[in-house]
Amino acid sequence: MWTLHTPEELRKLRAGLGEIIADAPWRDGDALADVPERMVLVASELATNAIRHGQPPTEVRLLRTDAEFVLDVLDHDPDTPPEPSDASTFASGGRGLQIAQRLSLDVGWYTADESKHVWASFPISAEPAAE
């Protein structure tokens, strides 16, 4: 888990997350070899949104099931739902949710305990989960 208060702290999130997911079962040439980079980018985008638009502190958690990693980004503003921006292609920001939706399996959000959670999921391997 990473606790963030300012955009400058995103650097420690990216470095720490990169180290943790580097040990996942991805192989060079594997169809999922770019998942770690996608996860770091999405974590950074969702955390940036939470820092800019939510209430501090922002918490980023990395969760894992047998088949997926889940990034869970929490802020303390449960009354403001995350909304994709209408930012143009040339805008310098405002596309964090759109990026998350394109680079992950799924994105969603919920509120709990006076907090808002925005999450994104990513496959761990190309092998189907055992039933």
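## Exercises on a predicted model

R11 counts as exposed, its relative accessibility being 59%. The exercises below concern a predicted model.

**Exercise 1.** Determine in which element R11 lies, whether R11 is buried or exposed, and how far R11 and S44 are apart in sequence and in space.

*Solution.*
- Step 1. The element that holds R11 is helix α1.
- Step 2. A residue is called exposed over 50% relative accessible area. R11 has 59% relative accessibility and therefore counts as exposed.
- Step 3. Along the sequence, 33 residues separate R11 and S44; from C-alpha to C-alpha, the distance in space is 8.7 Å.

**Exercise 2.** Establish the strand order of the open sheet, identify its edge strands, and describe how β1 is joined to β2.

*Solution.*
- Step 1. The open sheet consists of 5 strands, ordered β1-β2-β3-β5-β4, with antiparallel pairing.
- Step 2. β1 (2-4) and β4 (106-112) pair on one side only, and are therefore the edge strands.
- Step 3. From one strand to the next, the twist averages 20°.
- Step 4. β1 and strand β2 (residues 58-64) run antiparallel and are joined by 3 bridges. Within this pairing, V60 in β2 is the residue opposite W2.

**Exercise 3.** Place K116 in its strand, classify it as buried or exposed, and describe its surroundings.

*Solution.*
- Step 1. Strand β5, residues 115-123, contains K116.
- Step 2. Buried means under 20% relative accessible area. K116 has 5% relative accessibility, so K116 counts as buried.
- Step 3. At 2.6 Å, the side chain of K116 reaches a backbone oxygen, that of T80.
- Step 4. With neighbours within four places in sequence left aside, the residues in contact with K116 include V73, L74, D75 and D77. Also among them are P78, T80, P81 and P82, as well as W109, Y110 and T111.

**Exercise 4.** Describe the largest nonpolar core: how many residues it has, which elements supply at least two residues each, and which element gives the largest share.

*Solution.*
- Step 1. In soluble globular proteins, nonpolar side chains tend to be buried together.
- Step 2. Here the largest nonpolar core has 25 residues, and L4, L13 and L46 have the most contacts inside it.
- Step 3. At least two residues of this core come from each of β1, α1 (10-21), α2 (35-53), β3 (68-75), α3 (96-103) and β5.
- Step 4. α2 provides the largest share, 9 residues.
- Step 5. Apart from neighbours within four places in sequence, L46 is in contact with V73, L97, A100, V118 and A120.

Definitions and conventions:
Residues are numbered from 1 along each chain as its sequence is written. This is a predicted model: local features need pLDDT of at least 70, side-chain atom pairs count only at pLDDT 80 or more; totals for chains, interfaces and linings use all residues. Side-chain values use heavy atoms; hydrogens and water are left out. Two strands pair if DSSP finds at least two bridges between them. Helices (H or I, at least four residues) and strands (E, at least two) are DSSP runs, numbered from the N terminus. Axes are lines fitted to C-alpha atoms, for helices over the stretch in contact, and angles run from 0 to 180 degrees between N-to-C directions. Buried means under 20% relative accessible area, exposed over 50%, partly exposed in between (1.4 Å probe, protein chains only). A polar contact is a pair of N or O atoms within 3.5 Å; within protein, one must be able to donate a hydrogen and the other to accept it, and residues adjacent in sequence count only if both atoms are side-chain atoms. Contact means heavy atoms within 4.5 Å. A nonpolar core is a set of buried Ala, Val, Leu, Ile, Met, Phe, Trp, Tyr and Cys residues joined through side-chain atoms within 4.5 Å.
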